[in-house]
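This report covers the nonpolar cores, two buried acidic residues and a surface patch of one protein model.

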Amino acid sequence: MTTAARKKKPSRPDHALLMSQLEQVAQGLGETFAPFCEVVLHDLRDADHSIVAIHNKLSGREVGDATTELGLARIADESYPQVLSNYANTLPDGRQAKSTSIGIKDSDGKYLAALCMNIDLTLFGALQGMLRQFGGIDTGVRVAETLEPAGAEAIRRRIDEFAARTSSTPRSLKADERRALMRELRQSGCMDVRRAAEIVAAHLGVSRATVYNDEKD
């Protein structure tokens, strides 16, 4: 899971402090997104042995391994982008990954470190496939069926029409307006529909008790 950071005597105290804090960030990210996200901290002052911490090893690399092409690019060019987000990558065994690389500069504007995250997309792709299958609907089957009580849509439509007449929305109706609405619904027979109070309450954003009280007034 987690490989302890390789200790290296820094050249400057401020570098040491920054690298120490970055190690804590890398550990926190690794523990939060385990086991699907590899988190790697590179010390760009030592390109041949740049990896100082690695968590949730997905790439097979170890502490002390060399930096990648991105690390070399940052070492060579201070104007190289600091943040590269969500770019496509491939793990050594062929699994597809999504990567983000964040370059860290010191007070002189030189690249000191890189914090990188590599997310294994294999599991998420499988989950997407299962969700598509589970949520799929056979449009070739022609069945007219609804699980709503008969008249539910008519109740909601009447509520919307009443709210429109008051230049309001169903959930913004005041108490006296709700009472007037309930009188209309009762007179039209809408409250005789099965679960009518529940339907009205959900559309108005109030409790069923409030609907019963408004209907009594």
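In this predicted model, the largest nonpolar core has 19 residues. I155, I159, L181, L185 and V200 are the members with the most contacts inside this core. Three helices, α4 (152–165), α5 (175–187) and α6 (196–204), each supply at least two of its residues. The most comes from α6, which gives six residues. Beyond its neighbours within four places in sequence, L181 is in contact with I159, F162, L173 and L204. Another core, of 13 residues, lies apart from the largest one; A26, V39, A53 and L112 are among its members.

Two acidic residues can be described alongside these cores. The first to consider is E38, in strand β2 (residues 37–43). E38 has a relative accessible area of 0% and is therefore buried, the cut-off being under 20%. The side chain of E38 reaches the backbone nitrogen of L58 at 2.9 Å, and a polar contact of 3.0 Å joins it to the side chain of R61. Not counting residues up to four places away in sequence, E38 touches the run I54, H55, N56, K57, L58, S59, G60 and R61, and also C116, M117 and N118.

The other acidic residue is D214, in helix α7 (residues 208–216). With a relative accessible area of 6%, D214 is also buried by that cut-off. The side chains of D214 and R178 are joined by a polar contact of 2.7 Å. Leaving aside neighbours within four places in sequence, D214 is in contact with R178, R179 and M182.

The polar contacts of the two residues are listed here.

| Residue | Partner | Distance |
|---|---|---|
| E38 side chain | L58 backbone nitrogen | 2.9 Å |
| E38 side chain | R61 side chain | 3.0 Å |
| D214 side chain | R178 side chain | 2.7 Å |

On the surface, F36, L121, L123, F124, L127 and M130 form a nonpolar patch. Together these residues have about 490 Å² of accessible area. One of them, F124, is found in helix α3 (residues 122–134). Is F124 buried, partly exposed or exposed? Its relative accessible area is 35%. F124 is partly exposed because this value lies between the limits of 20% for buried and 50% for exposed. The value also meets the requirement for patch residues, which is over 30% relative accessible area.

How values were computed: Residues numbered from 1 in each chain as written. Predicted model: local features only at pLDDT ≥ 70, side-chain atom pairs only at ≥ 80, totals over all residues. Heavy atoms only, no water. Patch = residues over 30% accessible without salt bridge, like charges linked within 9 Å, V, L, I, M, F, W, Y side chains within 5 Å. Areas by Shrake-Rupley, 256 points an atom, 1.4 Å probe, with all protein chains shown as cover. Salt bridge = Lys/Arg side-chain N within 4 Å of Asp/Glu carboxyl O. Helix = DSSP H or I, 4+ residues; strand = E, 2+ residues; numbered from the N terminus. Buried < 20%, exposed > 50% of the residue type's maximum accessible area, 1.4 Å probe, protein only. Polar contact = N/O pair within 3.5 Å; in protein donor to acceptor, adjacent residues only side chain to side chain. Contact = heavy atoms within 4.5 Å. Core = buried A, V, L, I, M, F, W, Y, C linked by side-chain atoms within 4.5 Å.
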